[in-house]
Amino acid sequence: MRNRTSGVLVNGVERQFNQFVATRLNASSGSLASLETYYSQVRQIDNLLSDERSGLAPVMQEFFNALGQMNSSPADPAARAGVLGTASTLVSQFKSFDNYLQDIESSVNAEMKFEVDTINALTGQIGSLNKEILIARSGSGEAPNSLLNQRDKLVHDLSQRIDIRVHEQKSGSYTVSLNNGSPLVSGDTSYQLSALTDNSDPTRTAIFYNDVAGNQIQLKESTFNRGSLSGLMEFRSKSLDTMRNQLGQMVRVFADAFNQQHQAGVDLNQDPGQAMFDAGNPVAYSNSRNTGTGTAAVQISDSTALLAADYDIKLTDTGYEVRRVDSGKIVNATFDGATGTLAFNGLEVTMSGTVNQGDSFRVRPLVNQAQSFELLITEGSQLAAAQSTASGDNRNGLALLDLQNQMLVEGKGTFNQAYGTMVSTLGNQINVVQANLAAQEGLTEQLTALQQSESGVNLDEEAANLIRYQQYYQANAKVIETGSTILDTILQLR
């Protein structure tokens, strides 16, 4: 209203805010951030696979072509040197590919730590604003709209990094929690997350929750369904781990098959063939929370039966249980009590020491295979192309060449087919992410528009209103001016 002495009086300022719409927008924005993070990460691997210079298929084909040339003239030093040269290139390419994947994994670990630091900063600020809002309300009895807007902005930023649940208390304070119910903010108190070494695998980073008693509890990856932190973890588990295991699987099957066949032949010095390639060793880690002293030793018994997977072994009240890490499915395993050995999927895991019920072990049979891939032969004369001492014998060389056509990878694929599976698996993941990303972008845009229609300020609309009010003012001024002129004219008539 208007007062002649005081001008315009403001009765109050109402804050237009729809909590339901804000909650939906926060959830949608979190899902979008997760997909965007996943997509940006997975594109790094896709760029590598699509690069003809770094692809594995061409160098594998060059190696087999060199074997074919050697078989045409098994005693030719140049042909044998060609085999060694392409074999060395092949080994280097596999190792470079794996080194690139390791660099990406290190980057993911670092980004996870950065995300956790940012999350902790946001929850701390939300807790501080909870306190300021309560103080402001208790002092004036009115809603501190500026502080409320700041807090809602922080909650929105937090939802883009981690999956959260928000509940407004009667006092007006926000309680923010993870989707498993663990509080991140309660009143003016915030609870910290930490990015630390995974209990199951010392080479990986995991997220821990620091509870009120000071205990650090490792959170399951399923706790993170939205936000950029979720995108990083999903990329690591679904794409990066899968790619490294598929690469390690190819290396181990390739090395074992060539070594076995090469050792069946005779080299140019009339000596029995020796192992041609070396690869890495499988590893097993004891969970850092185990109560026993047990350890697990892993060896590969049949590389053609290897699956591109990691495993968790746990001692339950009914015996040892083996699960795939990627799918969580139970694996059929046989246990030899006399030797303490578990056998499954081409692996033999021997347990030693005292293993208590509940103790677990992470088995990674393939992660180090490409990293330790080496060519053991240094001289062309050491290539065992023959199966006898007869001149011109190339039967073992032909057998080595034929390995490219055999179903050696999981007993159902050739080397080229296995590489094709790597490419197609990644391609399918990218296509799914792209489709989901496009749909989520549309949903988030709709919710943003809905939220802005209720709580936002349209600058164009406000500018139009100002022009309209100015026109009203000018029109009223004209009326007053006209009335004043008429009144002056009437007075002058006297």
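**A few notes on helix packing and one loop residue**

1. A good place to start is helix α6, whose buried residues pack against α2 (56-72) and α5. Please keep in mind that this is a predicted model.

2. Which residues of α6 (residues 395-402) are buried? They are Asn396, Gly397, Leu400 and Leu401. Looking down the axis of α6, you will find these buried residues within an arc of 145°, so they line one face of the helix.

3. Helix α5 (residues 228-262) also meets helix α1 (residues 19-49): their axes come within 6 Å and cross at roughly 30°. Because angles under 35 degrees count as roughly parallel, α1 is described as roughly parallel to α5. The crossing of α1 past α5 is right-handed.

4. To see this contact for yourself, look on the α1 side for Ala33, Ser34, Thr37, Tyr38, Gln41, Val42, Ile45 and Leu49. On the α5 side, the contact is made by Ser228, Ser230, Gly231, Leu232, Glu234, Phe235, Lys238, Ser239, Leu240 and Met243. By character, the residues of this contact between α1 and α5 divide into nine nonpolar, seven polar and two charged.

5. Now for a single residue: alanine 333 sits in the loop between β14 (319-324) and β15 (334-336). Alanine 333 has a relative accessible area of 33%, so it is partly exposed.

6. What does alanine 333 touch, leaving aside its neighbours within four places in sequence? Its contacts are Val322, Leu342, Ala343 and Phe344. Tyrosine 320 lies 13 residues from alanine 333 along the chain, and the C-alpha atoms of the two are separated by 8.7 Å.

How values were computed: Residues are numbered from 1 along each chain as its sequence is written. This is a predicted model: local features need pLDDT of at least 70, side-chain atom pairs count only at pLDDT 80 or more; totals for chains, interfaces and linings use all residues. Side-chain values use heavy atoms; hydrogens and water are left out. Axes are lines fitted to C-alpha atoms, for helices over the stretch in contact, and angles run from 0 to 180 degrees between N-to-C directions. Helices (H or I, at least four residues) and strands (E, at least two) are DSSP runs, numbered from the N terminus. Angles under 35 degrees count as roughly parallel, over 145 as roughly antiparallel, 65 to 115 as roughly perpendicular and the rest as oblique. A crossing is left-handed if the near helix is turned anticlockwise from the far one by less than a right angle, and right-handed if clockwise. Contact means heavy atoms within 4.5 Å. Ala, Val, Leu, Ile, Met, Phe, Trp, Tyr, Cys and Pro count as nonpolar, Asp, Glu, Lys and Arg as charged, and the others, Gly among them, as polar. Buried means under 20% relative accessible area, exposed over 50%, partly exposed in between (1.4 Å probe, protein chains only). The arc is that of the directions from the helix axis to the C-beta atoms.
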